[in-house]
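Hi everyone, thanks for coming. I'd like to walk you through one structure today, so let me put it up on the screen.

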Amino acid sequence: MAASLIRRMVAAQCLVIGLGCASTARSPQSAASVTPAATSAPMAKAPLELIVLGSGGPDAVGRASTCFILSLDGAPRILIDAGSGAFTRLGEAGISLHRLDLILLTHLHIDHTCELPGILKARVVSTRVPISFQIFGPTGGSEFPSTKHFLDLLFGKKGAFAYLADFSEPMTIVATDVDASLRSSTSPQTLLAEDELKISAIAGHHDDAPAVIYRVDYKGRSVVFSGDIDASGLDHLRLIADHCDLLVFNTVVLDPPHSRAILYTLHTPPKKIGEVAAGTHVGALLLTHLNPSIDEAHDAVLASIRRSYDGPVTFSADRMRATP
Ligand SMILES: [Zn+2]
Ligand SMILES: [Zn+2]
């Protein structure tokens, strides 16, 4: 097949970032030039659109911590994680909460969950009808409660924010603990199948924090969220990410030995990220959960990923929009 034809096919399937395919990052320089202000305008309605509300974490260095929202046919409906600062980004990005009813928590670290009360309250006061949330997250373990217990501690009858259940319109939460054990969860399970929307999940691995990897398929497009993930979870990530259009990969460490040793028990370095993306034939990579050490080494990170993967790679920014 002619190289030009292959390039055209890649371009046709590529992730659309911000202002369109032309700005999709083939190099870190072009990705870094996509500014939140330039990308905050709504794009034409795509079946599936990802809006980055938090591209960093957990350091307080200018990025909100991990949070995304997925729009289905232009309506923001699925929240993925709820890290610090994301609440403000919701308003800045002009996101309507009227259709938000599905929440996927990858794990219960603070930089992925602490904005949940504020976002739920904003959703509750945005409506004049009773609201029911379906919230998915990992089973408990180590020092971490199960997601059901976590939500009960916050919003249950004896929870810190028990008042929210009938503060405005009645609010109910249907919580589901997703098996986060690598041993018992060996293939993706379907959490929700509704018309053309399918949400599936499989256990990830993030040192001692129970973790879940999610995949959302809608109208033939697909996006996978690695969550914070160490090497032990990568086989499961390969299973669920196979041939997805967009893999959102939490990118926290540089290749060894350039980050602190302890961080390699929690996260996946760029060389491995490239290998997973190539091995699973993903359409595009969006790197997120970024910190200053990654931001100062875009060239090295991209070069490492490029050893295996030659598809589009983009460094995320708060309020960036992507169309898988
Ligand atoms: Zn974490
Ligand atoms: Zn994190």
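Let's begin at one residue: Glu194, which sits in strand 8, the stretch covering residues 189-194. This is a predicted model, by the way, so please keep that in mind as we go. Is Glu194 buried or exposed? Glu194 counts as exposed, because it has just 9 C-beta neighbours inside 10 Å, and the cut-off for exposed is 12 or fewer. Now look across to Tyr218: in sequence it is 24 residues away from Glu194, while in space their C-alpha atoms are 9.7 Å apart.

Next, the sheet that strand 8 belongs to. What is the strand order here? Reading across, we get 8-9-10-11-12-13-14, an open sheet of 7 strands with mixed pairing. Strand 8 is at one edge and strand 14, residues 313-315, is at the other; each has a single partner strand, so one side of each has no neighbour in the sheet. Ignoring direction, neighbouring strands are turned against each other by 15° on average.

Let me zoom in on one pair in that sheet. Strand 12, residues 246-250, and strand 13, residues 285-288, run parallel and are joined over 4 bridges. If you want a residue to click on, take Phe249, whose bridge partner in strand 13 is Leu287.

Now for some helices. Helix 7, residues 234-241, packs with helix 8, residues 270-279, at an angle of about 35°, and their axes are 9 Å apart. The crossing of these two helices is right-handed. Which residues make the contact? From helix 7 we have Leu234, Leu237 and Arg238, and from helix 8 there are Lys272, Val276 and Gly279. By type, that contact comes to 3 nonpolar, 1 polar and 2 charged residues.

Stepping back to the whole chain, we have 10 helices and 15 strands. Of the 324 residues, 49% are buried. Taking contacts between residues at least 6 apart in sequence, 66% of them join residues at least 24 apart.

Finally, a word on confidence. The average pLDDT for the chain is 88, with 86% of residues scoring at least 70. Two stretches deserve some care, though. Over residues 1-14, pLDDT stays under 50, and the model has 9 contacts there beyond four places in sequence. Residues 19-43 also stay under 50, with 52 such contacts in the model. Where pLDDT is low, the predicted coordinates should not be read in detail.

That's my tour, thanks for listening!

Conventions
Residues are numbered from 1 along each chain as its sequence is written. Chains are lettered from A and ligands numbered from 1 in the order in which they are written. This is a predicted model: local features need pLDDT of at least 70, side-chain atom pairs count only at pLDDT 80 or more; totals for chains, interfaces and linings use all residues. A residue is buried if 20 or more other C-beta atoms lie within 10 Å of its own, exposed if 12 or fewer, and partly exposed in between; C-beta atoms are placed from the backbone. Axes are lines fitted to C-alpha atoms, for helices over the stretch in contact, and angles run from 0 to 180 degrees between N-to-C directions. A crossing is left-handed if the near helix is turned anticlockwise from the far one by less than a right angle, and right-handed if clockwise. Two residues are in contact if their C-beta atoms, placed from the backbone, lie within 7 Å. Ala, Val, Leu, Ile, Met, Phe, Trp, Tyr, Cys and Pro count as nonpolar, Asp, Glu, Lys and Arg as charged, and the others, Gly among them, as polar. pLDDT is the predictor's confidence in each residue, from 0 to 100. Two strands pair if DSSP finds at least two bridges between them.
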